[in-house]
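Got the viewer open? Let's walk through this one stop by stop, with something to select each time.

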Amino acid sequence: VRNAGGEAIALGADVAKSEDVQRMVAATLERLGPPNVLYNNAGIEGESDFLAEMTEAAFDKVIAINLRGVFLGMKYVLPHMVKLGGGSVINQASIAGMIAIRGGAAYAASKAGVIALTRVAALEYGRYNIRVNCICPGAIETPMAERVRKGEPPRPAAVKRISVFGRMGLPEEIAKVALFLASDDSSFATGAPFVID
């Protein structure tokens, strides 16, 4: 970002911890001013297991990061967007929040929750000129996808089953949707899950 002529700071934070999120928001306000865009993008896949075999700790960890983290990000940024007179919130959900995935109870529940939180926040904060949307990617070639595959390359038969294009999506393809949602080009979009699969 700096090399491209912009301003940027890097902050370490656990998005599941209220004090970390508050510290992150305070540091951003101090150094960059009030945010007009929030992209809640932190997330984990968690353990894959059938529901009854999943540990409570594994379930709680995924919910804490993927869902509570989105809640906390909005909770502590939205008041500043209200004062600013508007903004755009982008939440990272998943098609897993819309369809069933064996072994993905925690992940699917967390992402379905993100979609619901997005809709509620859009309804509550539209009056303040704040748009709240979420992105629901399908199979994207990321380090998380590599971990799920245990380092194996994508199997052609599996890719064909999940993508009409016969390939995995690229992170850049999700980034372009996020840029659209952050920009004024999406000025009449709110409360929507943008499915990119």
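Which residue forms a salt bridge with Glu173? Select Arg167: its closest N and O atoms with Glu173 are 2.7 Å apart. A salt bridge here is a side-chain nitrogen of Lys or Arg within 4 Å of a carboxyl oxygen of Asp or Glu. Glu173 is partly exposed, with a relative accessible area of 30%, and Arg167 is partly exposed too, at 39%. (Buried means under 20% relative accessible area, exposed over 50%, partly exposed in between, using a 1.4 Å probe and protein chains only.)

Some housekeeping before moving on: this is a predicted model, where local features need pLDDT of at least 70 and side-chain atom pairs count only at pLDDT 80 or more, while totals for chains, interfaces and linings use all residues. Residues are numbered from 1 along each chain as its sequence is written, and side-chain values use heavy atoms, with hydrogens and water left out.

The structure holds two salt bridges, so to speak of the other, select Arg23 and Asp20. Their closest N and O atoms are 3.7 Å apart. Both residues lie in helix 1, three residues apart, about one turn of the helix. (Helices, H or I of at least four residues, and strands, E of at least two, are DSSP runs numbered from the N terminus.) Arg23 counts as partly exposed at 41% relative accessibility, whereas Asp20 is buried at 16%.

Now jump to Tyr107 in helix 3. Tyr107 and Arg23 are 84 residues apart in sequence and 27 Å apart in space, C-alpha to C-alpha. At 17% relative accessibility, Tyr107 counts as buried. Leaving out residues up to four places away in sequence, Tyr107 touches Ile44, Glu45, Val62, Asn66, Ser94, Ala96 and Met144; contact means heavy atoms within 4.5 Å.

Stay in helix 3 (residues 105-125) and pick Lys111. What is the nearest side chain of opposite charge to Lys111? That is Glu45, 9.6 Å away, and Lys111 is buried yet has no salt bridge. For charge, Lys and Arg count as positive and Asp and Glu as negative; His and the chain ends are not counted. Beyond four places in sequence, Lys111 touches Asn66, Gln92, Ala93, Ser94 and Gly97.

Follow the chain into the loop between helix 3 and strand 3, where you'll find Asn129. Asn129 is not a glycine, but has a positive phi of about 65 degrees. This residue, Asn129, counts as exposed at 55% relative accessibility.

Next, the inside. The largest nonpolar core has 22 residues, and Met74, Met81, Val89 and Val132 have the most contacts inside it. (Such a core is a set of buried Ala, Val, Leu, Ile, Met, Phe, Trp, Tyr and Cys residues joined through side-chain atoms within 4.5 Å.) Helix 1 (18-32), helix 2 (56-84), helix 3 and strand 3 (130-137) each supply at least two of its residues. Helix 2 gives the largest share, eight residues. Zoom in on Met74: among its contacts more than four places off in sequence are Leu38, Val89, Leu117 and Val132. A second, separate core of seven residues includes Ile90, Ile135, Val177 and Leu181.

Last stop: the largest pocket, with a volume of about 1600 Å³. Select Gly138, Ala139, Met144, Ala145 and Val148, which lie nearest its centre among 46 lining residues. Helix 4 (143-148) is one of the helices that supply at least two lining residues, and helix 4 gives the most, with five.

Technical notes
On a 1 Å grid over the protein atoms alone, a cavity is a set of points where a 1.4 Å probe fits but cannot get out, and a pocket is an open set with protein on both sides within 12 Å along at least five of seven lines; lining residues have an atom within 4 Å of a point. Grid points are joined across faces, edges and corners, and a volume is the space filled by probe spheres set on the points.
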